[in-house]
Amino acid sequence: MKKIQVLGVVTLLVLVSGVFIYATSGEQKDKQFKVGTAQYFPTEVDFAGEKAPLQIADVKERFDRELLVNANLHSSTILIMKRANRAFPIIEPILKQYGVPDDFKYLAVIESALMNAVSPSGAKGVWQFMPDTAKEKGMEVNDGVDERYHLKKATEAACKYLIQAKEKFGNWTLAAASYNGGITGVNNKIAEQKVSDYYDLLLTDETSRYVFRILALKEIMKNPTLYGFDVAKHELYDNIPTKTIEVDSSITDLATFAKSQGINYKILKIHNPWLRDKKLNNPTKKKYQLEIPTEGY
């Protein structure tokens, strides 16, 4: 008799648990099924603490597009994750120093994939500065020295721009959009369309996608396993230890200088990509900081 009662209780528990399982909404089950695939979609997202209104149909669709594109660019996204381990430790403290939200490191990601890229329009470096803008923000740009390739100085310049844009627009989302569309360009669209929210503006295709690309890379890079990415820590690219050498005179032959430091010309250029010539002309005795690796070569 007791065995029959026990079996009855077990059967009841199974039936009840089954009811609860099948009571889960179709949307929840679909979401659970897609965890670990390129089709996973989060419940909510924000940029610099400013929430994206995913309840608006076109906003949700535009974000979905960038998630799908970047989650399926498997090799490119993995390389970005590997490079981020090397670049983010340099970028993050500078953003913090200037009071710029940490999320802006993902703006650098979509600008250049964290490489010293060169655009068809002439923008260069991780932060993709045009020559005139770079000079306005205090960077040296000429045939021999191009500080757009100097990650620390370019990050500082980007911070200066973003702070200026935030003061103009009052929020970080529009400041990010203006990094692509320009402060004047975005401001003109606001005046024309009589709205002041990025998600309400009709912009050029590139600027319209811009913040959503940032949101997508942020989401994927912060939660890689949810999108099917599995990159082990030992596979990430590390920063190679360096020592800093200060020079305040011209260097007539960088290859000879490199050898005097125990390295070669290639290694010198890898660690100091802002040196754009085979020599360093310095008639004004400006002080330059050169990074010399102490291992890894």
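This passage walks through a predicted model of a protein chain, going from the overall picture to three single residues.

Starting with the big picture, the protein chain holds 12 helices and 4 strands. It has 297 residues, and 40% of them are buried. As for the outside, the chain exposes about 16,500 Å², with carbon and sulfur atoms supplying 54% of that area. The contacts say something about how the chain folds back on itself: take those between residues at least 6 apart in sequence, and 61% of them join residues at least 24 apart.

Now for a single spot in a helix. Glu66 sits in helix α3, which covers residues 57–72. Its relative accessible area is just 2%, so Glu66 counts as buried, the cut-off being under 20%. Leaving aside residues up to four places away in sequence, Glu66 touches Arg209, Phe212, Arg213 and Ala216.

Two loop residues are worth a look for their backbone angles. Gln128 is not a glycine, yet its phi is positive, near 55°. Its place is in the loop between α5 (105–112) and α6 (131–136). Being in a loop does not put Gln128 out in the open here: with 13% relative accessibility, Gln128 is buried.

Lys285 also has a positive phi, about 65°, and is not a glycine either. This residue belongs to the loop between α12 (265–271) and β4 (288–293). Lys285 has a relative accessibility of 55%, and because exposed means over 50%, Lys285 counts as exposed. So of these two loop residues, Gln128 is buried, whereas Lys285 is exposed.

Terms used. Residues are numbered from 1 along each chain as its sequence is written. This is a predicted model: local features need pLDDT of at least 70, side-chain atom pairs count only at pLDDT 80 or more; totals for chains, interfaces and linings use all residues. Side-chain values use heavy atoms; hydrogens and water are left out. Buried means under 20% relative accessible area, exposed over 50%, partly exposed in between (1.4 Å probe, protein chains only). Contact means heavy atoms within 4.5 Å. Accessible areas come from the Shrake-Rupley method with a 1.4 Å probe; for residues, only the protein chains shown count as cover.
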